[in-house]
Amino acid sequence: APTNAGSCAVTGRVAEANYAGETNGVLVVSKADQTIDFPALGGQIATNELELAATASSGLPVSFVLVQGPATLAGMGLSFTGAGEVAVAAQQDGDANWCPAPGVTNVFAVDKAAAEVALNNLTQTYDGTARMASAATEPPSLAVEITYDGSPCAPTNAGSYAVTGTVADAIYQGSATGTMEIAQAPAEVTLNDLAQTYD
């Protein structure tokens with residue numbers, strides 16, 4: 001008897017001493033249906049790298065397709081290029097014995113990874129030019145947008161200013177706040193006309 005899907009000619013003959021007869025027909029073995037188990041991936045962080053895994057009920061290998069989102073797919077490896085919604089589809093195209101499996105798509109959110117921000121140069125002295133704070137990040141060298149009392153323009157005059165540094169990056173997020181103190185500059189005072197005559 002055949003095992004694999006397909007068609008084969010079948011002949012049935014009577015095996016009896018007193019009777020004779022036979023008939024012919026075609027046996028059709030249809031391809032079997034299969035399903036894919038592709039577990040939910042849940043929320044992810046943009047710095048993660050995933051090794052995708054899914055199984056087909058047929059035991060045949062499953063392949064993946066990046067449907068949308070800030071990510072790159074190489075074989076079973078998924079890397080993120082930013083934050084947002086990502087969709088990955090698992091598929092199995094079948095073979096001689098198995099029908100193609102209905103695709104299964106996983107949709108999940110990718111959040112930015114946390115970064116630390118430290119504000120520097122918050123104590124300065126008036127010199128007639130804009131006094132700018134600086135920022136350091138961990139991981140290092142991330143771009144940081146700095147505002148002073150809500151404005152991107154660095155202050156010039158002496159006084160206190162609320163400073164906020166916010167990471168501007170596709171993969172990382174983070175911020176820090178502080179107060180910039182611009183001290184008054186020292187000024188020289190010279191007294192004149194100190195020798196006079198009574199009038």
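**Close-up views of a predicted model**

**View 1. An open sheet of 3 strands follows the order S5-S9-S8, with antiparallel pairing.** Strands here are DSSP runs of E with at least two residues, numbered from the N terminus, and two strands pair if DSSP finds at least two bridges between them. Strand S5 (49-51) and strand S8 (71-74) are the edge strands, each pairing on one side only. Neighbouring strands of this sheet are turned against each other by 20 degrees on average, direction ignored, where the axes are lines fitted to C-alpha atoms and angles run from 0 to 180 degrees between N-to-C directions. This is a predicted model, in which local features need pLDDT of at least 70 and side-chain atom pairs count only at pLDDT 80 or more, while totals for chains, interfaces and linings use all residues. Residues are numbered from 1 along each chain as its sequence is written, and side-chain values use heavy atoms, with hydrogens and water left out.

**View 2. S8 and S9 run antiparallel and are joined by 4 bridges.** Ala74 stands opposite Gly77 in S9.

**View 3. Val110 lies in strand S11 (residues 104-111).** Val110 counts as buried because its relative accessibility is 3%, buried meaning under 20% relative accessible area with a 1.4 Å probe and protein chains only. Although Val110 and Ile45 are 65 residues apart along the chain, their C-alpha atoms are separated by 5.4 Å. Leaving aside neighbours within four places in sequence, Val110 is in contact with residues including Ile45, Phe80 and Val86, contact meaning heavy atoms within 4.5 Å.

Key
Buried means under 20% relative accessible area, exposed over 50%, partly exposed in between (1.4 Å probe, protein chains only).
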